[in-house]
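Please open the structure in your viewer and keep the selection panel at hand. The tour below goes from one selection to the next and says what there is to look at in each place.

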Amino acid sequence: MPRHLTSRLGEGLIAIWGVVTIVFVVSRMLGDPAVLLLPIGATEEQMRELRTQLGLDLPLLQQYLSFLLNAVKGDFGQSFQFGRPALSVVLERLPATAMLAGSALAIGILIGGTAGALAAIHRGSAIEALVLLVALLGQATPSFWLGIMLILLFAVQLGWLPTGGYGTWQNLVLPAVTLACFTTASIARLLRSSMLDVMRDDYVRTAYAKGLPPSRVFTWHVGRNSLIPVVTMTGILAGELLGGAAVTETVFSWPGVGRLIVQAIETKDFPVVQAGVAVVATIFVGVNLLVDLLYTLIDPRIRQAS
Amino acid sequence: MSSTSLLPFRASLAMRTSLLALSLGAAAAGPAAARDLTIALSSNVNTLDPFKSTTVGTDLSVAAHIYTPLVDRGPDMKLRPGLATKWEAVGDTAWRFTLREGVTFSNGEKLDAEAVKWNVERVLDPKTAARNKPWFASISEVKVVSPGVVEFVTKGAYPDLPEQMSMFLLMPPKWTAENNPAVTALGSGPYELVRFASGDRVVLKARKDYWGEKPAFDNVTFRIIPEDSSRIAALVAGDVDLVTGFPTSEIARIKASGKVDASSVPGTRGMFIKLNALRAPFKDTPKVWRALNLAIDRKAINDGLLDGLGEISACQPLSPTYFGFNPDLKPIAYDPAQAKKLLAEAGVANSLTMELEVPTGRYIQASDIAQVVASQLGEVGVTVKLREMEFGAFMNKYIVGKNLGDSAYFGLGWPTLDAGGLLNFWETENPQSYWGNANFTDAAKAARSTNDPAKRMALYKTLTKQLCEDSPSIFLFFTPITYGQSKGIAWQARGDDWVRAMDVKTR
């Protein structure tokens with residue numbers, strides 16, 4: 001493994017530790033889970049007894065240290081709400097999240113990439129104006145609103161697709177499109193501006209001057225060199241899609257990690273919050289490492305520097 | 001093809017499939033087709049273990065299809081025999097239940113007095129960390145009188161033990177020890193578990209060898225659909241048959257679709273404003289409490305925000321469904337002039353400022369209602385500062401922190417539908433009381449110390465009257481339970497949060 005990747009991995013681990021520590025402290029500040037876990041009217045003694053059973057009566061530092069020690073071993077404790085290991089509660093939601101995020105990202109790269117490249121190639125034309133307008137709308141449309149509208153049109157009015165839920169490819173279409181909307185628009189806009197920047201560079205002019213056909217200039221000189229910012233952006237978007245699709249998941253009753261974490265925060269299910277955030281942070285770090293790896297493939301200068 | 005012509009195409013397709021079904025039915029003429037029911041729930045089913053949750057609307061409702069209680073509360077809110085055929089109080093400190101003979105769990109384990117005793121012991125064992133323990137903590141001993149008779153000895157009187165037992169879902173001892181009841185289930189109820197996909201759905205099918213009345217549906221699916229609009233869309237699109245718990249304003253819109261029905265029943269959770277009488281500005285100010293009560297136009301709020309579907313409180317925390325409801329009390333009439341007069345007499349004319357804490361995400365239309373309350377109080381010269389906060393944060397401040405603001409918009413129901421549990425919240429020692437009144441507390445304790453219905457009824461009459469006239473509480477209304485259903489089914493709607501396929505019939 002190249003040295004800079006090793007150091008990025010180290011940084012990533014420190015970032016994960018930092019995130020779970022912040023989450024540990026902040027979730028403890030939310031208050032007492034016992035009051036939500038027991039029915040209204042529970043006595044103080046009953047609440048105390050439950051806190052003892054959940055290990056919440058121990059000093060905070062001790063709770064934190066045992067949390068860290070166990071977390072390293074992959075044990076995030078028993079969920080307060082689900083009555084089983086918090087990590088398995090999170091991991092069983094991961095396939096749904098990965099499927100949704102993967103589809104949204106694929107749509108984003110395919111359509112966003114095509115649209116962005118077209119807009120750059122046809123600079124100043126109606127195509128560029130149209131792509132920019134649609135992309136602006138795509139970025140500005142709240143996913144909540146878009147999701148409900150798609151449900152009303154395609155599920156209620158036309159009856160082509162289910163209103164929500166999880167299981168078949170039909171269930172995937174509407175949430176994937178909703179989630180892809182922002183991603184597609186972001187990639188289209190960034191690729192266009194990045195390509196326009198590169199097109200002004202001297203070596204592109206040189207390539208034309210050498211008499212290379214425009215298609216070759218666009219693919220090899222402009223395309224490849226304008227990818228770096230787009231790859232960075234796509235990495236960030238991928239991380240966000242994997243961890244932060246709670247709104248889309250809620251609108252479409254999609255059993256993903258984002259919705260799970262939100263629910264766990266509301267019910268103060270600390271182990272699930274901690275496990276969920278640790279998993280999402282790990283994915284984020286993993287995606288960023290992948291992005292670093294892609295840099296070295298795209299840009300020989302980065303490869304040589306390391 | 002115009003865009004609207006797509007709909008007739010769908011209709012004709014539906015017609016063709018139904019014709020096909022008819023011809024197939026005629027050809028087969030065999031057993032009736034399997035009847036399916038899909039119910040949408042608004043929050044997640046977290047566990048199937050009935051001891052690890054007290055959320056009636058989700059976890060317990062689902063578990064109640066698989067496990068059965070000793071006593072069942074029907075959709076008419078009356079108790080009826082379940083696993084027990086009869087029950088009676090033995091003096092003031094015990095209840096005796098006679099069990100149905102020959103009932104077993106679906107794995108063959110006997111459901112006898114020993115099994116019932118084991119269940120109570122499991123709840124009370126601290127290691128279980130049972131969430132429903134507070135409901136049964138007053139049971140001090142379970143006596144197995146005979147295999148068919150069990151006696152619960154209680155610490156003091158426990159008049160609503162049979163009602164509480166309607167929420168006690170019995171588990172098979174041996175099976176529970178060998179399995180993780182959080183993710184799997186096996187009981188003595190009308191349904192058995194097919195699949196539990198947390199966050200998505202719970203799939204059940206009817207048991208062939210169930211001892212009780214056969215339910216109307218062979219297959220029941222609970223689907224988790226948290227978002228109101230999506231839940232309604234799923235109903236209208238025909239993906240689900242029954243949905244509950246959306247804003248009242250949606251009822252008309254759902255009906256307008258022409259495809260499904262919608263309605264509501266009065267709920268059993270009373271909404272009220274609790275004034276913190278332990279500190280200024282509401283410490284020892286009965287005139288101000290009274291003035292605020294008179295300044296709120298409950299009917300206007302009910303008509304304006306709840307489409308008139310709420311049930312205005314008869315100046316007490318109990319709805320007519322509760323044991324102990326006082327029929328002599330009437331809702332407080334709106335009288336802003338008298339309110340202003342009382343505020344002037346108390347020396348706070350146009351000078352009273354109060355915080356109103358509003359927990360969000362829990363009670364129907366809470367923010368809207370609190371804003372109207374604030375503006376109505378504004379009209380008699382009281383300045384209200386609204387403090388919205390997330391429900392968990394509010395509960396922490398209110399119960400654990402013992403630090404309620406000047407007042408809060410709050411809802412309170414008691415699962416046994418008995419006055420005892422509810423009135424307890426106004427007793428001085430209760431950390432949720434925020435009011436100290438020795439007379440009230442003594443009488444409430446006396447009412448709790450007997451199982452005799454006549455004595456209790458008489459005491460509750462005085463207690464509710466006292467709450468109405470002297471307490472720092474502004475009783476508002478019982479918010480409705482809204483529901484929508486497909487045309488093929490009829491849910492016997494109930495106001496106490498239980499959602500069970502057993503309460504649904506075909507039509």
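How many residues does H8(A) have, and how far does H8(A) reach from its first C-alpha to its last? The model you are looking at is a predicted one, and a good place to begin is a selection of residues 143-157 of chain A, which make up helix H8. H8(A) has 15 residues and spans 20 Å between its first and last C-alpha, which is close to the 21 Å expected at 1.5 Å a residue.

Now select Ile151(A) and look along the helix, for H8(A) bends there by about 25°. Ile151(A) is also one of the buried residues of H8(A), together with Gly147(A), Leu150(A) and Ala155(A). To see what surrounds them, add helix H9 (169-199) and helix H13 (246-251) of chain A as well as H7 of chain B, since these are the elements against which the buried residues of H8(A) pack. Just after the helix, select Gly159(A), which follows H8(A) and has a positive phi, near 70°.

Next, keep H8(A) in view and show residues 228-236 of chain B, which form helix H7. The two helices pack at an angle of about 5°, with their axes 10 Å apart. Angles under 35 degrees count as roughly parallel, and H8(A) and H7(B) are therefore roughly parallel to each other. On the side of H8(A), the contact is made by Ile148(A), Ile151(A), Leu152(A), Ala155(A) and Val156(A), while H7(B) brings Ser229(B), Ser230(B), Ala233(B) and Val236(B). If you colour these residues by character, you will find seven nonpolar, two polar and no charged.

Widen the selection to the whole boundary between the chains, where 44 residues of chain A are in contact with 44 residues of chain B. The elements of chain A that give two or more residues to this side are helix H2 (34-37), helix H3 (44-54), H8, H13 and helix H14 (257-266). Of these, H3(A) gives the most, with six residues. The residues on the side of chain A that touches chain B divide into 22 nonpolar, 14 polar and eight charged.

For the last stop, select Lys330(B), which is found in the loop between strand E13 (311-312) and helix H11 (336-345) of chain B. Is Lys330(B) buried or exposed? Lys330(B) counts as exposed because it has 11 C-beta neighbours inside 10 Å. Leaving aside residues up to four places away in sequence, Lys330(B) touches Ala314(B) and Cys315(B).

How values were computed: Residues numbered from 1 in each chain as written. Chains lettered and ligands numbered in written order. Predicted model: local features only at pLDDT ≥ 70, side-chain atom pairs only at ≥ 80, totals over all residues. Axes fitted to C-alpha atoms, helices over the stretch in contact; angles between N-to-C directions. Helix = DSSP H or I, 4+ residues; strand = E, 2+ residues; numbered from the N terminus. Parallel < 35°, antiparallel > 145°, perpendicular 65-115°, else oblique. Contact = placed C-beta atoms within 7 Å. Nonpolar A, V, L, I, M, F, W, Y, C, P; charged D, E, K, R; others polar. Expected span 1.5 Å × (residues − 1). Bend = angle between axes of the 7 residues up to and from the residue. Buried ≥ 20, exposed ≤ 12 C-beta atoms within 10 Å, placed from the backbone.
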